[in-house]
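Here's a quick tour of a sheet, the helices that pack on it and one residue elsewhere in the chain. Have the structure open while you read.

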Amino acid sequence: MKHDAVIFDIDGTLWNASQASATGWNAGLTRLGIDIEITVEQIESVAGNPYEKCVDILLPGLREKFPDLLETLNDCEVEVVKSVGGTFYAGVLEGMQTVAGSHRIFLVSNCQDWYMKLFLQFSGLKPLLTGYDCHGMSGQPKHEMFARLISRFGLIKPVYVGDTVGDEKAARLAGIDFIHAAYGFGSPTTGTVSCPSFPAVVKHLQDINQWLP
């Protein structure tokens, strides 16, 4: 059966805003008087996790010492991302138009709600979407967000496009197909369909659409 919908991750799949996030976090740490610098590579290493978990991984134990840590980092990150956004991967904006011609399109991310809104503003993709969800909106893990979309929109055979092992696990938990964006932040497990670029993702979806009954 052909896929009747494509669900896309955002970070590491459609764009990369790690530089903006790192800049914002570092501004927040400076504001709090914390002598730690977060790198772009560190931000990319935790991509795909909810915000609170990212903070706990990269800044273990600091939430207890600095009660305003989450709010301060968040406020500073919002300022920077709102100003500069992220970098779209090659072929994304054109490719999404192509995919929308044959599939219903959704976004599912572990990002915060403000981040989803800014992504939609920078990308201009909202008119192409049938729906979207994120951890900041629903408070749910990804596999539950998939289930909510499947139920709400009557999806039969959706596929999720993401870049991390966590994305793949969430898709498996929800019982849906997965395509790995190899140009993103993570590595696929053995046997996973993996695409080296976004245009390759689009071609794979087109090929499946042509030969599956």
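## A strand pair to start from

Keep in mind that this is a predicted model. Let's begin with strand E4, residues 104–109, which pairs with E5 in the parallel sense over five bridges. To find the register, look at Leu107: it stands opposite Tyr132 in E5.

## The sheet around it

Zoom out and you'll see that this pair belongs to an open sheet of six strands, in the order E5-E4-E1-E6-E7-E8 and with parallel pairing. At the edges sit strand E5 (129–134) and strand E8 (193–195), each of which pairs on one side only. On average, neighbouring strands are turned by 25° against each other, direction ignored.

## Helices on the sheet

Two helices are worth picking out here. Helix H9 (residues 142–153) packs on the sheet and touches strand E1 (5–8), E4, E5 and strand E6 (158–162). The direction of H9 makes about 150° with that of E4.

Helix H10 (residues 165–174) packs on the sheet too, touching E6 and strand E7 (177–181). Its direction makes about 170° with that of E7.

## Asn74 in H5

Now for a single residue: Asn74, which you'll find in helix H5 (residues 69–84). Is Asn74 buried or exposed? Its relative accessibility is 15%, and buried means under 20%, so Asn74 counts as buried.

Who does Asn74 touch? Leaving aside residues up to four places away in sequence, Asn74 touches Tyr51, Gln112 and Trp114. With Trp114 there's also a polar contact, side chain to side chain, at 2.8 Å.

Conventions: Residues numbered from 1 in each chain as written. Predicted model: local features only at pLDDT ≥ 70, side-chain atom pairs only at ≥ 80, totals over all residues. Heavy atoms only, no water. Helix = DSSP H or I, 4+ residues; strand = E, 2+ residues; numbered from the N terminus. Buried < 20%, exposed > 50% of the residue type's maximum accessible area, 1.4 Å probe, protein only. Polar contact = N/O pair within 3.5 Å; in protein donor to acceptor, adjacent residues only side chain to side chain. Contact = heavy atoms within 4.5 Å. Pairing = 2+ DSSP bridges. Axes fitted to C-alpha atoms, helices over the stretch in contact; angles between N-to-C directions.
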